[in-house]
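The following paragraphs guide the reader through a protein structure, beginning with a metal site and moving on to charged side chains. The sequence and the structure are shown first.

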Amino acid sequence: MLPFGLPLTAEGLLQLPATKTISRRLSDMRGYYADAEAYAARLAAEDSLIYTFWETEYTGDTRGLSFGITEIVPGTVGREFHMTKGHFHASDGDEIYLTLKGRGKLLLQTRQGEARTYDMTPGGICYIPTGWGHRTVNVGAEPFIFVSIWPPHIVHDYESVQKYGFPQLMLQGDSGPVEAPNPRYQAG
Ligand code: PAN
Ligand code: ZN
């Protein structure tokens, strides 16, 4: 890897030299939202974009760092806010999230069922230790954008989150986001 510096643009976005761009649409999120009826109704109307993830993977042969930017489009499926799929790191490896723009929440869970939720606001940092499954949620009316930094060669485990979700759901309440228990959740 060669050194590089990236400007923060007027829109609050870093211009990443991305090696991979992943877009998740509603159709990619089947089974992830609690309200299956609302999901089906929205999908029948339009296969909307939920989030995009630009990843710059470290390709060198020393320890290095990989990093990326995620942008979650504002909106809800039923009452549940747009969110990432979420995953555990199957191998050892911690991660840092730095919020650039918008208003989000970070949902964390251990495999034993412990859950935590943190606010993500511009300039704020969250530290995700190994062993904590993580998902981000856009709880604002604008795009929610954050940087993530992690050690390379991590294996991302999506399977258990896909099956059982997180212990907590992040829902649109009358005066802002409210957390509710996820009836489908099982520790495992
Ligand atoms: C993040 C996530 C990114 C997309 O960079 O990969 O926000 O979320 P999903 O991977 O859950 O679809 C990260 O945690 N990397 O390890
Ligand atoms: Zn991760």
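In this predicted model, Glu95 and His134 are both buried. These two residues belong to the metal site, where the zinc ion (ligand 2) has as its protein donors His87 (NE2), His89 (NE2), Glu95 (OE) and His134 (NE2). The donors lie 2.1 to 2.2 Å from the zinc ion. Along the sequence, the spacing of the donor residues is H-x1-H-x5-E-x38-H. Glu95 is part of strand S7 (residues 95–101), whereas His134 is part of strand S11 (residues 133–138), so the pair ties together parts that are 39 residues apart in sequence.

Why is the arrangement around the zinc ion (ligand 2) called octahedral? The six donor atoms subtend angles of 76 to 173°. An octahedral assignment requires that opposite donors be over 155 degrees apart and all others between 65 and 115, and the angles at the zinc ion therefore make the arrangement octahedral.

Attention now turns to the charged side chains. The structure holds five salt bridges. One of them joins the side chains of Glu55 and Lys20, at 3.7 Å from N to O. This pair links distant parts of the chain, with Glu55 in strand S2 (residues 49–56) and Lys20 in strand S1 (residues 20–25), 35 residues apart. Glu55 is buried, because its relative accessible area is 6%, under the limit of 20%. Lys20, at 39% relative accessibility, counts as partly exposed.

Lys20 also forms a salt bridge with Glu57, and here the closest N and O atoms are 4.0 Å apart. Again distant parts of the chain are linked: Lys20 lies in strand S1, and Glu57 lies in the loop between S2 and strand S3 (66–72), 37 residues apart. Glu57 is partly exposed, with a relative accessible area of 36%. Lys20, Glu55 and Glu57 are thus linked in a network of salt bridges.

Another salt bridge is found between Asp157 and Arg111, whose closest N and O atoms are 2.7 Å apart. Asp157 is located in strand S13 (residues 156–157) and Arg111 in the loop between strand S8 (104–109) and strand S9 (115–120), so that this pair links distant parts of the chain, 46 residues apart. Are the two partners of this bridge buried or partly exposed? Asp157 counts as buried, at 18% relative accessibility, while Arg111 is partly exposed, with a relative accessible area of 30%.

Terms used. Residues are numbered from 1 along each chain as its sequence is written. Chains are lettered from A and ligands numbered from 1 in the order in which they are written. This is a predicted model: local features need pLDDT of at least 70, side-chain atom pairs count only at pLDDT 80 or more; totals for chains, interfaces and linings use all residues. Side-chain values use heavy atoms; hydrogens and water are left out. Donors are N, O and S atoms within 2.8 Å of the metal (3.2 Å for Na, K and Ca); water is not among the atoms, so sites may look incomplete. Four donors count as tetrahedral if all angles lie between 85 and 135 degrees; four count as square planar and six as octahedral if opposite donors are over 155 degrees apart and all others between 65 and 115; anything else is irregular. Helices (H or I, at least four residues) and strands (E, at least two) are DSSP runs, numbered from the N terminus. Buried means under 20% relative accessible area, exposed over 50%, partly exposed in between (1.4 Å probe, protein chains only).
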